[in-house]
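Reader: I have a structure open and I'm not sure where to begin. Can we go through it piece by piece?

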Amino acid sequence: MAKIVKTIVITGKGTNCEMEMAHACRLAGSDVVDIVNISELLYGEKRLADYHFLNLPGGFLDGDDLGSAKAGAHRIMHARVAVTGEPLYEQFSRFIQDGKLILGVCNGFQLMVKLGILPGLKGEYFKQTTTLTFNDSGRFEDRWVYLKVNDRSPCIYTKGIRGAYLPVRHGEGKFITKNDTIMKQLHRKNLVAVQYCGSGYSEPTMEYPLNPNGAYDAVAGICDETGRLFGLMPHPEAYTHRTNHPRWTREDLPEEGMGLAIFKNAVNFIRNGNF
Amino acid sequence: MAVKGEKVNRIEVGFRKGVRDALGEKVRRRVVEHLRINVDEVKTIDVYTVEGNLSRGEIKQIAEGPLTDPVIQSYAINRGLAGDFDWLIEVGFRPGVTDKKDWDPRKGVRPYVPKVVGEDRPHVDEIDLNVGDESLTAMSSDRVLALSLPEMKAIQAYLKNPAVVEARKKVGLGDRITDVELESLAQTWSEHCKHKIFNAFIRYENEEGKETVVDSLFATYIKGSTKEIREAMGEADWCLSVFVDNAGVIRFNDDYNLVFKVETHNTPSALDPYGGALTGIVGVNRDPFGTGKGAKLIFNTDVFCFATPFYSKPLPKRILHPRRIYEGVREGVEHGGNKSGIPTVNGCIVFDDRFLGKPLVYCGTAGIMPSRILGEPSHGKEIKGGDLVVMCGGRIGKDGIHGATFSSEELHEGSPVSAVQIGDPITQKKMTDFLLMARDRGLYRALTDNGAGGLSSSVGEMARLSGGAEIDLEKAPLKYAGLNPWEILLSEAQERMSLAVDPGKINEFLALSRKMDVESTVLGRFTDSGKFHVRFADRTVAYLDMEFLHDGLPQMQLRAKWLPPKHREPGFPEPDNMGHALRTMLARLNICSKESVVRQYDHEVQGGSVVKPLTGVANDGPSDAAVVRPVLGSFEGIVVANGICPRYSDIDTYHMAACAIDEAIRNAVSVGASLGHLAGLDNFCWCDPVQSDKTPDGEYKLAQLVRANRAVYDYTKIYGVPCISGKDSMKNDYQIGDTKISIPPTLLFSVIGRIEDVQKAVTMDVKKPGDLVYVLGKTFPELGGSEWFAQNGFIGNHVPVVNGEKAKKLYTALSAAIRAGLVASCHDCSDGGLGVALAETAFAGGLGLSVDLSRVPCSGIYRDDYLLFSESQSRFVVTVSPDHRDRFEEILKGNTFACAGQVLAENSFRINGIRGNRIIEDDIRVLKEIWQKPLKF
């Protein structure tokens, strides 16, 4: 079914990975890719309802000064669209109810978690049950990590992927749940879509620097129960071509980078689905 | 202090029991490692003070909502969260820092609001300049004007000019100068802004007593060389804007231009390493951003010069420990770069204990802009009389006042910490997001940044394009009341740009600004009156002729005298154990891995990283240069590299500069750049070269500066690499009491170039067993100023001498071989010479090497240690697949090179000496570990 796929990439207030995220969406085949400043949403010039695929890129929303993406989450929860007075969060809420796709990377993942739209257990969105906090090392780090994909996860983004090698670039990426019960539910429902692991993509690891931040259970990314909302700390948009790979000058690598599959899965899901 | 009737609440937020406090642990580590105080545990608590008439319920809502992470944190309102502790240290914003605190176990710390409270009573001083020379000199120093007596007298004379007095009368000013005018002149005429030494008239005497004159180093050597290179390129000239704007502009391709600038922020970083360096990076960001019609920022490159972080002698007064400088600067640049979303793609750290006097913090930023914007070329600037003066971004406060003048002085007892501004990258990011949008809609005509000198500098400079300006300082948005007009004009508060906006576009501009949550204010208009006219409401507070403001400065007259230093020739024997010597070299600070710093910088954001700063089989080898793709979807790329070698200045700054230029270029060539589309930036950091009581060796230091400039002229011309912009910082000395520390004269040469296809780039790590190891270029006994001599306690005299013609030929051939895909790895030989380059090449690739020194091309060398560690320039270690041997050698024909060994399948690093005996047999894993250890903080 040849459906037009429309993607929105939100930027502004400190977001900084919008260009490469939009590029990845275009490479993945999205027909429309708009980089939209959150001010344009707040002024009612753009609306989420006009898109199928929402991308929340990395960056430092409001400087992460109250903790990563914390102020950004509160803006979405409480800001209203100028003139209409519509709460911005309703646009997000409707987007989720409509079964559309949201991908958050790094600061975008932090935003989804702090908004509580991930993991959104039992469909209870906008309630924070997990968090991403300071790396155990106490420092920002840029390094490439191996990710093991949970093949039983409902996550539509990771379908058909066994593992991925991607960079992390964050200071607050340590995943923690509010309590053990929540962590157990995440595992039971296979919402832990990607975990840090060794170079063989086999076992999840707590060993630094393979697990770069000390994330509990080596969690690198989670999805909701529909599999349509997905957030992860590593940057799939940073590996769309083999020259992004840190060892491309010494390894035989396919032309296409490993991060692109995540975007392709999303675009294909929309093209074949119907909302 | 709280306003009467408004309650102040204090909210404390901390981690719950059982949640690891990684920041507290980091602070503890630093206390133990830096201060050597034993501390068991540190816990952190965030403190927020909220002022306003809020109910108990509302305060709770604030605490629970935006301030606390419900998963891991808990909060306390108006009581202490800290339980059991020995010491409670509160770190606050400046106004509150020194407030005395009382701890009450039930109530915690009493809340207070760190606010600057000033009286709104703007005042303008009028100063009588009709005084004697001594008073003029005292006035300059008392007011931190940093103006010399001839300069003060030029101002005195200006105010006696009847035509000037007449004109001033009409606007209500008398024959006395206002503080606004005097400060504005001091800023415009500061060494920092006017580069007086670089523009001075110099009589230079060489070692034979022969005198030559130089009328401006800048015009003669820097601009002179670029002009000649551009003329030689003729039609093919790809330089677009050089030396006239905030940054240099070159063509990238038909669709895009590149913009590049490097600056230093040394004095602020000495006083406040974090704030100084943070402001350094976000400050230099605004240079390419404020060039032409504005550029999108695509990468940062940073070079730091520090004293050893392991410094253990007593510290001179006011000097911070080098470890604190190191960590503070690193973190400042981390926050400035990462939070702005600009990748830090390349850099280096140089150690020399004389940088104790002043650390050097070089920050560079490149940008890209469409070659045309709405049909107009993007690299030029035009302002019309009648255009509005608009200030955009942050507000004005007392921060950073006198930055331009105090950085034009040595670090002394009274150097004000308050002169250090603290940047906020997010405010700036919002502003740049907005302005790029405004640029693409054609909403402004020109822009420039507010850096040193604030509005005085930005509006004063822009006004030259129209021929004048008239602004009203009362309109300027302030952070708090209590600023006098001169302070508003001079403030270096960050995150601000000044723009020229067509009155017909102003409404649209301001509407977009509001929408993007950025403050913009119309301050006045540009004119063609020939006057820099500043008002505060109705009152004129400054009225200066543009011509006098910008060209009234008398040229400095200086003398330089060159006497080549003579150092003791080293007499140490060749070491018995060469393996041990290599290990020692790998652990030297100037050679060892800088990975812990590199990792903390985002070097990949924007998605175009191709050659990263760390490379090789374990992503930890030291890349020579960076390659990035600025336009995703295209394989055209940019190469950026740096060259810096201050140690050679101990022998001859001419060769120091030549080596810095050669190093930058050969680093770029190593990854695949070609001469022909490479541009340079010269960045001089000198110690005061003006002869005076404080600087009795000023004539020698100035001669060093002349010589370095001559090398820039000679070598940029040979290589055809024009300087497109540059900067100088001339007062890198420390003087308190009898202690004077001057930095070694340092030139950072940075290059930026275009690479046609990034897929042809190569990295420095060996690739496959069986590959052949080539050494390119000839080795001479050039160990003067080398790491090996330094290791043995000598300086020596035979500094590396660059043979530009030969190097150029070799670089051209090597570039061709790389483009042809014949090179598996390429690493340049720099600090530590061939021995270090071979070891790094091997362990970065995770494979051993076997090399015969007897096959390495050399001349006049009879010792293995000299051959291994000589720092002769223009050399490379290259590995080539045996399949490509013939084609590679064919392309290199006519150059000095030799196949000296081969890559091994095992971990063994084997070197045979000149006489054929095995002199080193080591394990590359061990060598790497030794190389990684020293700065693994």
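Reader: Which residue is the bridge partner of R203(B) in strand 25 of chain B?

Author: It is R559(B). Keep in mind that this is a predicted model.

Reader: And in what sense do strand 8 and strand 25 of chain B pair, parallel or antiparallel?

Author: Parallel, over 5 bridges. Strand 8 of chain B covers residues 201–205.

Reader: What sheet do they belong to?

Author: An open one of 3 strands in chain B, in the order 9-8-25, with mixed pairing. Strand 9 (211–215) and strand 25 (557–561) of chain B are the edge strands, and each pairs on one side only. The twist from one strand to the next averages 20°.

Reader: Which helices lie against it?

Author: Helix 8 of chain B, residues 217–233, lies across strand 8 and strand 9 of chain B, at about 80° to strand 9 of chain B. Helix 21 of chain B, residues 698–719, also packs on the sheet and touches strand 8, strand 9 and strand 25 of chain B. The direction of helix 21 of chain B makes about 85° with that of strand 25 of chain B.

Reader: Okay, there's another sheet in chain B. How many strands form the one that starts with strand 19?

Author: 7 strands, in the order 19-21-18-22-20-23-24 of chain B. That sheet is open, and its pairing is mixed. Its edge strands are strand 19 (446–449) and strand 24 (539–545) of chain B. Direction ignored, neighbouring strands are turned by 25° against each other on average.

Reader: How do strand 18 and strand 21 of chain B run, parallel or antiparallel?

Author: Antiparallel, joined by 6 bridges. Strand 18 of chain B is residues 388–393 and strand 21 of chain B is residues 496–501. For a concrete pair, the bridge partner of V389(B) in strand 21 of chain B is A500(B).

Reader: So what holds paired strands together?

Author: Strands of a sheet pair through backbone hydrogen bonds, either parallel or antiparallel.

Reader: What about helix 14 of chain B, which strands does it lie across?

Author: Strand 18, strand 19, strand 20 (469–472), strand 21, strand 22 (520–526) and strand 23 (531–536) of chain B. Helix 14 of chain B, residues 454–466, runs at about 25° to strand 21 of chain B.

Reader: Switching to helices on helices. At what angle do helix 18 and helix 27 of chain B cross?

Author: Roughly 35°, with axes that come within 8 Å. Helix 18 of chain B is residues 578–586 and helix 27 of chain B is residues 924–932.

Reader: Which residues make that contact?

Author: L582(B), R583(B) and L586(B) on helix 18 of chain B, and V926(B), L927(B), I930(B) and W931(B) on helix 27 of chain B. By class, that is 6 nonpolar, no polar and 1 charged.

Reader: Now the two chains. How much area do chain B and chain A bury between them?

Author: About 4900 Å², 52% of it on carbon and sulfur atoms. The contact takes 63 residues from chain B and 58 residues from chain A. V71(B), K515(B) and R599(B) lose the most area on the chain B side, together 13% of what that side buries.

Reader: How many salt bridges are there across that interface?

Author: 7. In one of them, the side chains of K339(B) and D65(A) meet at 3.7 Å, N to O. There are also 27 residue pairs in polar contact across the interface.

Reader: What classes of residue does chain B put there?

Author: The side of chain B that touches chain A has 23 nonpolar, 19 polar and 21 charged residues.

Reader: And salt bridges overall?

Author: The count comes to 84 over all chains. In chain B, E151(B) forms one with K196(B), with the closest N and O atoms 3.1 Å apart. That pair links distant parts of the chain, 45 residues apart: E151(B) is in helix 4 of chain B, and K196(B) is in the loop between helix 7 and strand 8 of chain B.

Reader: Last thing: where are the odd backbone spots?

Author: Most residues other than glycine have a negative phi, and most peptide bonds are trans. L374(B) has a positive phi of about 50° and is not a glycine. The peptide bond joining L118(A) and P119(A) is cis, with omega about -5°. P119(A) is in the loop between helix 5 and strand 5 of chain A. Another cis bond runs from Y208(A) to P209(A), with omega near 5°.

Definitions and conventions. Residues are numbered from 1 along each chain as its sequence is written. Chains are lettered from A and ligands numbered from 1 in the order in which they are written. This is a predicted model: local features need pLDDT of at least 70, side-chain atom pairs count only at pLDDT 80 or more; totals for chains, interfaces and linings use all residues. Side-chain values use heavy atoms; hydrogens and water are left out. Two strands pair if DSSP finds at least two bridges between them. Helices (H or I, at least four residues) and strands (E, at least two) are DSSP runs, numbered from the N terminus. Axes are lines fitted to C-alpha atoms, for helices over the stretch in contact, and angles run from 0 to 180 degrees between N-to-C directions. Contact means heavy atoms within 4.5 Å. Buried area is the accessible area (1.4 Å probe) that two parts lose on being put together, summed over both. A salt bridge is a side-chain nitrogen of Lys or Arg within 4 Å of a carboxyl oxygen of Asp or Glu. A polar contact is a pair of N or O atoms within 3.5 Å; within protein, one must be able to donate a hydrogen and the other to accept it, and residues adjacent in sequence count only if both atoms are side-chain atoms. Ala, Val, Leu, Ile, Met, Phe, Trp, Tyr, Cys and Pro count as nonpolar, Asp, Glu, Lys and Arg as charged, and the others, Gly among them, as polar.
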